[in-house]
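Grab a pencil and work through these exercises with the model open beside you. Try each task before you read its solution.

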Amino acid sequence: MASFYNNRFLIVFLSVVFIFSSCKDEENVAEQPKKEKIEYEIYRPSEMANFMNAMYAYNVQLKQQIIKGETPVIMPLDLMKLHSAEMSNGHARTPVWNSFVNVFIEAQQSVADTLSNVELRARYNDAINNCLACHKTECTGPIPKIKKLLIQ
Ligand code: HEC
């Protein structure tokens, strides 16, 4: 019997809490969209950040292929996205960015260039060093991660 009353009390109590909190939500309706927008901006990676991560993943796979002695023949990324992708707050196509981006694109493309006379490993490390060259000033955080891509 005691537990029946306890449960009933609990249900009534929770309903009151629920009704109370729904009212509270309604009171906050005007503030909510602003809050959601801020979270959206903080947690959503930019188009450029997504593309950088795709380039990272591609190069992880290239490194494995090269170490196994395989010859990469395709470059599946649309590197022109580097010229168009929207960047996150605080990043922009600075003069430094512009001075590095095309050199990098050429270096990355040459890794899968089967007609090149330059040794594959050297071409690959050259592409990674071009990632690093731009990152030294434009986005220093991922440098340790990018350095691990180099084939020693
Ligand atoms: C021309 C300059 C430049 C080159 C070249 C470059 N990056 Fe970036 N990278 C940036 C900038 C700027 C950002 C920050 C982008 C943003 O947050 O919108 C970034 C961000 C990143 C990030 C973090 C993404 C995230 O989740 O926030 C990684 C990882 C990364 N780059 C890896 C690489 C790799 C690997 C290469 C070479 C294959 C490379 N980058 C080439 C400038 C460059």
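**Exercise 1: two helices that meet**

Find the residues where α5 and α6 touch, then work out how the two helices run.

Step 1. Contact means heavy atoms within 4.5 Å. On the α5 side, the residues that meet α6 include Val 96, Trp 97, Phe 100, Val 103 and Phe 104. Among their partners in α6 are Leu 120, Arg 123, Tyr 124, Ala 127 and Cys 131.

Step 2. Helix α5 covers residues 95-111, and α5 and α6 pack at about 160° with axes 9 Å apart. Here axes are lines fitted to C-alpha atoms over the stretch in contact, and angles run from 0 to 180 degrees between N-to-C directions.

Step 3. Roughly antiparallel means an angle over 145 degrees, so α5 and α6 count as roughly antiparallel.

A quick note on the source: this is a predicted model, where local features need pLDDT of at least 70 and side-chain atom pairs pLDDT 80 or more, while totals for chains, interfaces and linings use all residues. Residues are numbered from 1 along each chain as its sequence is written, and side-chain values use heavy atoms, leaving out hydrogens and water.

**Exercise 2: the iron site**

Identify which residues coordinate the iron atom of the ligand, and say whether each is buried or partly exposed.

Step 1. Met 52 (SD) and His 135 (NE2) coordinate the iron at 2.0 to 2.3 Å.

Step 2. Met 52 sits in helix α3 and His 135 in helix α6, so the pair links parts 83 residues apart in sequence.

Step 3. Buried means under 20% relative accessible area, exposed over 50%, and partly exposed in between (1.4 Å probe, protein chains only). At 23%, Met 52 is partly exposed; at 11%, His 135 is buried.

Key
Donors = N, O, S within 2.8 Å, 3.2 Å for Na, K, Ca; no water. Helix = DSSP H or I, 4+ residues; strand = E, 2+ residues; numbered from the N terminus. Parallel < 35°, antiparallel > 145°, perpendicular 65-115°, else oblique.
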